[in-house]
Amino acid sequence: MACPDGQACDEGSCMDIICTPGDSTCVDLATIRVCNDTGTRYVEEPCGSGYVCEDDTCKLQICIPGMTQCSGTTTVEVCNDNGTGWES
C-alpha cells in the first residue's frame, strides 16, 4: 500500500511529512534537533564532547570563551561566547 501524498513510510506506518530530511536546529548549546531521513519526525542528539550547537550545527569548541590571543603584532582577538571562533 502506498502512502498518500504528504506522507512517508516510517517504522511501518504512513506518517505526515513535517520537515525536510537533514534540516536541523539547536535545542540548546549541547543538543541539536535533526529531521529524520523520511521527514516525519525530529530526533534530538547530543553534540558530543568538545562541541557546541551554534547556527543550527554542532561546531568544535576551539577556545575558551573570553580568552584572548594576538593576531599578528597589532590586533588582539577574543574567543566568542560559545568558544567556536575568534573575533577581533
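A residue is taken as buried when its relative accessible area is under 20%, as exposed when that area is over 50%, and as partly exposed in between. The structure described here is a predicted model, and these three classes are used throughout the account of its cysteines and surface.

The protein chain contains zero helices and 10 strands. Read from the N terminus, its elements follow the order β-β-β-β-β-β-β-β-β-β. The radius of gyration of the protein chain is 19 Å, well over the 12 Å that the globule rule gives for 88 residues, so the chain is more spread out than a compact globule. Along the principal axes, the C-alpha trace covers about 70 × 20 × 15 Å. Of the 88 residues in the protein chain, 25% are buried. Where contacts join residues at least 6 apart in sequence, 21% of them connect residues at least 24 apart. The surface exposed by the protein chain amounts to about 5800 Å², of which carbon and sulfur atoms supply 49%.

Five disulfides are found in a search of the whole structure. A disulfide is a covalent bond between the sulfur atoms of two cysteines. When the bonded cysteines of the protein chain are numbered in sequence order, the pairing reads 1-2, 3-5, 4-7, 6-8, 9-10. Three of these links are described in turn below.

One disulfide is formed by Cys19 and Cys35, whose sulfur atoms lie 2.0 Å apart. This link of Cys19 and Cys35 is right-handed, with 80° about the S-S bond. Cys19 is located in the loop between strand 2 (13-16) and strand 3 (24-28), whereas Cys35 belongs to strand 4 (residues 31-35), so the pair ties together parts that are 16 residues apart in sequence. Both partners fall under the 20% limit for burial: Cys19 counts as buried because its relative accessibility is 9%, and Cys35 counts as buried at 2%.

Another disulfide joins Cys26 to Cys53, with an S to S distance of 2.1 Å. The link of Cys26 and Cys53 is left-handed, with -90° about the S-S bond. Because Cys26 lies in strand 3 and Cys53 in strand 6 (residues 51-54), the pair ties together parts that are 27 residues apart in sequence. The partners fall into separate accessibility classes: Cys26 is partly exposed, with a relative accessible area of 24%, while Cys53 is buried, with a relative accessible area of 4%.

A further disulfide connects Cys47 and Cys58, with an S to S distance of 2.2 Å. The torsion about the S-S bond of Cys47 and Cys58 is about -75°, so this disulfide is left-handed. The pair links distant parts of the chain, with Cys47 in the loop between strand 5 (42-46) and strand 6, and Cys58 in strand 7, 11 residues apart. Cys47 is buried, having a relative accessible area of 12%, whereas Cys58 counts as partly exposed at 25% relative accessibility.

Cysteines outside the disulfides include Cys9 and Cys70. For Cys9, which is in no disulfide, the nearest cysteine sulfur is that of Cys3, 5.0 Å away. A disulfide requires cysteine sulfur atoms within 2.5 Å. Cys9 counts as partly exposed, with a relative accessibility of 49%. Cys70 is likewise in no disulfide, and the nearest cysteine sulfur, belonging to Cys63, is 14 Å away. At 64% relative accessibility, Cys70 counts as exposed.

Toward the start of the chain, Ala2 occupies the segment before strand 1 (7-10). Ala2 is exposed, with a relative accessible area of 69%. The C-alpha atoms of Ala2 and Cys14 are separated by 8.4 Å, the two residues being 12 residues apart along the chain.

On the surface, Tyr51, Leu60 and Ile62 make a nonpolar patch of about 280 Å². Leu60, one of these residues, is found in strand 7 (residues 57-60), the strand that also holds Cys58. Leu60 is partly exposed, with a relative accessible area of 45%; patches are made of residues with over 30% relative accessible area.

Note on methods. Residues numbered from 1 in each chain as written. Predicted model: local features only at pLDDT ≥ 70, side-chain atom pairs only at ≥ 80, totals over all residues. Heavy atoms only, no water. Patch = residues over 30% accessible without salt bridge, like charges linked within 9 Å, V, L, I, M, F, W, Y side chains within 5 Å. Areas by Shrake-Rupley, 256 points an atom, 1.4 Å probe, with all protein chains shown as cover. Salt bridge = Lys/Arg side-chain N within 4 Å of Asp/Glu carboxyl O. Helix = DSSP H or I, 4+ residues; strand = E, 2+ residues; numbered from the N terminus. Buried < 20%, exposed > 50% of the residue type's maximum accessible area, 1.4 Å probe, protein only. Rg over C-alpha atoms; globule rule 2.2 N^0.38 Å. Contact = heavy atoms within 4.5 Å.
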